[in-house]
Amino acid sequence: MSIEMDESQGAPRRGPRGGANGADKKGGSSVRKRGFTRRKVCRFCADKTLVIDYKDPQLLKYFVTDRGKIVPRRISGNCAKHQRKVALAVRRSRMIALLPYTVTGA
Ligand SMILES: [Zn+2]
């Protein structure tokens, strides 16, 4: 009998929780796409005139984060082939100081 009372108190909590779970899932998946960076195709495959050049930091900086890290393929949208080329170019570019290895708090 005391259990019944407990359940009646717990019931309101359980109801919303079940509903929230479903909403959470939907919210999570919709939050995933963060507005921009919606490029599906590799930009180098799409535009044949673009050449990955380690002497071109203007181009390479699109594939490097603020902190100097190379942007992962799932975010940059590059294909494997071009991501490799980009990564190589970024590394070379770092060697000749066109791109930073790290960016520490300024
Ligand atoms: Zn590509």
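A residue is called exposed if 12 or fewer other C-beta atoms lie within 10 Å of its own, buried if 20 or more do, and partly exposed in between. A97 is exposed because 9 other C-beta atoms lie within 10 Å. The same count will be applied below to other residues of this structure, which is a predicted model.

The protein has 5 helices and 0 strands. Read from the N terminus, the order of elements is therefore α-α-α-α-α, as helices and strands are numbered from that end. Of the 106 residues in the protein, 12% are buried. Among contacts between residues at least 6 apart in sequence, 68% join residues at least 24 apart.

Before looking at details, consider the confidence of the prediction. The mean pLDDT of the protein is 78, and 62% of the residues reach 70 or more. Among the elements, helix 1 (residues 2–32) has the lowest mean pLDDT, 50, whereas helix 5 has the highest, 97. Over residues 19–25 the pLDDT stays under 50, and the model has 0 contacts beyond four places in sequence for these residues. Where pLDDT is low, the predicted coordinates should not be read in detail. The rest of this text turns to other parts of the chain.

Which residues make up the largest nonpolar core? This core has 8 residues in all: Y54, L60, F63, V64, V86, A89, V90 and L99. Helix 5 (residues 80–95) gives the most to this core, with 3 residues. F63, one of the core residues, is in contact with I70, V71, S76, V86 and V90, leaving aside its neighbours within four places in sequence.

Helix 5 can be checked for its length. At 1.5 Å a residue, its 16 residues should span 22 Å, and the end C-alpha atoms are 23 Å apart, which agrees. Buried residues in helix 5 are H82, Q83, V86, A89, V90 and S93. Why do the buried residues of helix 5 line one face of the helix? Seen down the axis of helix 5, they fall within an arc of 125°, so they line one face. The face turned away from this buried side carries the exposed residues A80, K81, L88 and M95. What covers the buried residues of helix 5 includes helix 2 (43–46), helix 3 (57–60) and helix 4 (73–76).

Two other residues of helix 5 are in between. K85 lies in this helix and is partly exposed, because 17 other C-beta atoms lie within 10 Å. The C-alpha atoms of K85 and D53 are separated by 8.8 Å, although these residues are 32 residues apart along the chain. R84 also lies in helix 5. R84 is partly exposed because 13 other C-beta atoms lie within 10 Å. Its C-alpha atom is separated by 9.3 Å from that of R73, and the two are 11 residues apart along the chain.

The path ends where it began, at A97. This residue lies in the segment after helix 5. A97 has a positive phi of about 65° although it is not a glycine. That positive phi occurs just after helix 5, at a residue that is exposed.

Notes
Residues numbered from 1 in each chain as written. Predicted model: local features only at pLDDT ≥ 70, side-chain atom pairs only at ≥ 80, totals over all residues. Helix = DSSP H or I, 4+ residues; strand = E, 2+ residues; numbered from the N terminus. Contact = placed C-beta atoms within 7 Å. Core = buried A, V, L, I, M, F, W, Y, C linked by C-beta atoms within 7 Å. pLDDT = per-residue confidence, 0-100. Expected span 1.5 Å × (residues − 1). Arc of directions from axis to C-beta.
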